Amino acid sequence: MPTLTSQLDALAAVREGVVAVDRPDLATIALRGADVLRYLHAICTQDTAGLRQGDAAEALLLSPKGRIEFAFRLAVLDEGVLLDTDGEAAPALAERLARFVFRYDVTVAEPAKGAVSLLGPAADGTLAGAGLPAPGPGLVAHRTAVGVDLVGRDAPGAATVLERAGVAAGPAELWELVRVERGVPRAGRELTDDVLAEEAGLLGSHVHLDKGCYPGQETVARVHNLGHVQRRLAGLRFEPGGPDGLPAPRTDLVTGDGGRAGQLRSVVDHPELGPIGLAYVRRVVDPGRLVRAGDHTATVVELPFR
């Protein structure tokens, strides 16, 4: 498998075909037992009670005040459910899940690393033609806005199969460049315990609005029924020729008159778009407005950047 060391070459390949990227930032947690779906239904934002083998979904665990504590995907398998989530958050999520299973027939395995992403419009076709193992506890394929994520203990082996099929490998930072470009929130950056699901734009994907009786549900319903939140996830396009380096995540944003504008969460030096970032921006700060992050000036833009 050729390795694309140039960010520009890798991004061009993502636009036109497919690139494989190792994802050490992801981890999986296997849940087994007769009550797994009933248990998840009771504690998370997604309606899992009606899911069947082969189904997949995205979900959140919220605090009682409706703040995001964990975000994860789940795939229903014959043996149970395979969750995947941010690798740094996985041990705490596994501990949280194991803490409340005393009334249910559920066992929670230790987190395990192993994931690879196929980025680009040819991801699905490549997946179908590569001769990978059938979906199961060792390998699950999740379709995403930018391709396909392969997670599970057999993902490293899948990467070898893809290499033999001639799929190019991208640099480690490629996923972060594509993620920020597309405005995809990430655990630990945009998805933190001071953020509401609606602020992160996750109501349509991670929250079942007709389901009740889970921690944080009252806040979700109240915010949704009121029809607005005080801030939203937006993009920042930094002006060229500014100070050296990039502003740090969590830098507060201010308007030209010194008013509070929001907070920067992620920033990358994109080889095509220049310095760009993701931020929570106050609703009163419209697209096109100039804001400052420390010594850096940026324009607020809608997501995605492309």
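Helices (H or I, at least four residues) and strands (E, at least two) are DSSP runs, numbered from the N terminus. This is a predicted model, in which local features need pLDDT of at least 70, side-chain atom pairs count only at pLDDT 80 or more, and totals for chains, interfaces and linings use all residues. Residues are numbered from 1 along each chain as its sequence is written, and side-chain values use heavy atoms, with hydrogens and water left out. The briefing covers backbone geometry, cysteines, helix α6, cavities and pockets.

**Backbone geometry**

- Most residues other than glycine have a negative phi, and most peptide bonds are trans.
- C213 is not a glycine, yet its phi is positive, about 60°.
- The loop between α7 (203–206) and α8 (217–226) holds C213.
- C213 is exposed (over 50% relative accessible area, 1.4 Å probe, protein chains only), with a relative accessibility of 72%.
- R250 also is not a glycine and has a positive phi, about 80°.
- The loop that holds R250 runs between β12 (231–238) and β13 (252–255).
- R250 has a relative accessible area of 38%, which makes R250 partly exposed (between the 20% limit for buried and the 50% limit for exposed).
- The peptide bond from L303 to P304 is cis, with omega near 0°.
- P304 sits in the segment after β17 (296–301).

**Cysteines**

- How many disulfides does a search of the whole structure find? The count is 0, where a disulfide is a pair of cysteine sulfur atoms within 2.5 Å.
- The closest cysteine sulfur to that of C44 is in C213, 13 Å away, so the pair is too far for a bond.
- Seen from C213, the closest cysteine sulfur is in C44, again at 13 Å and too far for a bond.
- C44 is buried (under 20% relative accessible area), with a relative accessibility of 0%.

**Helix α6**

- Why is α6 largely enclosed by the rest of the structure? Because 8 of its 9 residues are buried.
- The buried residues of α6 are L174, W175, E176, L177, V178, R179, V180 and E181.
- The cover over these buried residues, counted by contact (heavy atoms within 4.5 Å), includes α1 (7–16), β1 (19–22), β8 (115–119), β14 (260–270) and β15 (274–282).
- G183 follows α6 and has a positive phi, near 75°.

**Cavities**

- On a 1 Å grid over the protein atoms alone, a cavity is a set of points where a 1.4 Å probe fits but cannot get out, and lining residues have an atom within 4 Å of a point.
- Grid points are joined across faces, edges and corners, and a volume is the space filled by probe spheres set on the points.
- The structure has 2 cavities of 30 Å³ or more.
- The largest cavity encloses about 60 Å³.
- Its lining consists of A30, L31, R32, L77, E79, G80, V81, L82 and P137.
- β2 (26–32) and β5 (80–86) are the elements that give two or more residues to this lining.
- The lining of the largest cavity has 6 nonpolar, 1 polar and 2 charged residues. Here Ala, Val, Leu, Ile, Met, Phe, Trp, Tyr, Cys and Pro count as nonpolar, Asp, Glu, Lys and Arg as charged, and the others, Gly among them, as polar.
- The second largest cavity holds about 50 Å³.
- G66, L196, A197, E198, L203, T219, V220 and V223 form the lining of the second largest cavity.
- α8 contributes the most to that lining, with 3 residues.
- The lining of the second largest cavity splits into 5 nonpolar, 2 polar and 1 charged.

**Pockets**

- A pocket is an open set of points with protein on both sides within 12 Å along at least five of seven lines.
- The largest pocket has a volume of about 650 Å³.
- It is lined by 30 residues, of which E58, R73, V184, P185 and H206 are the closest to its centre.
- Two or more lining residues come from each of β3 (56–62), β4 (68–77), β5, β9 (140–144), α6 (174–182) and α7.
- The lining of the largest pocket has 13 nonpolar, 7 polar and 10 charged residues.
- The second largest pocket has about 350 Å³ of space.
- Which of its 22 lining residues lie nearest its centre? They are P135, G136, L139, V140 and A141.
- β4 and β9 each give at least two residues to the lining of the second largest pocket.
- That lining divides into 14 nonpolar, 4 polar and 4 charged residues.
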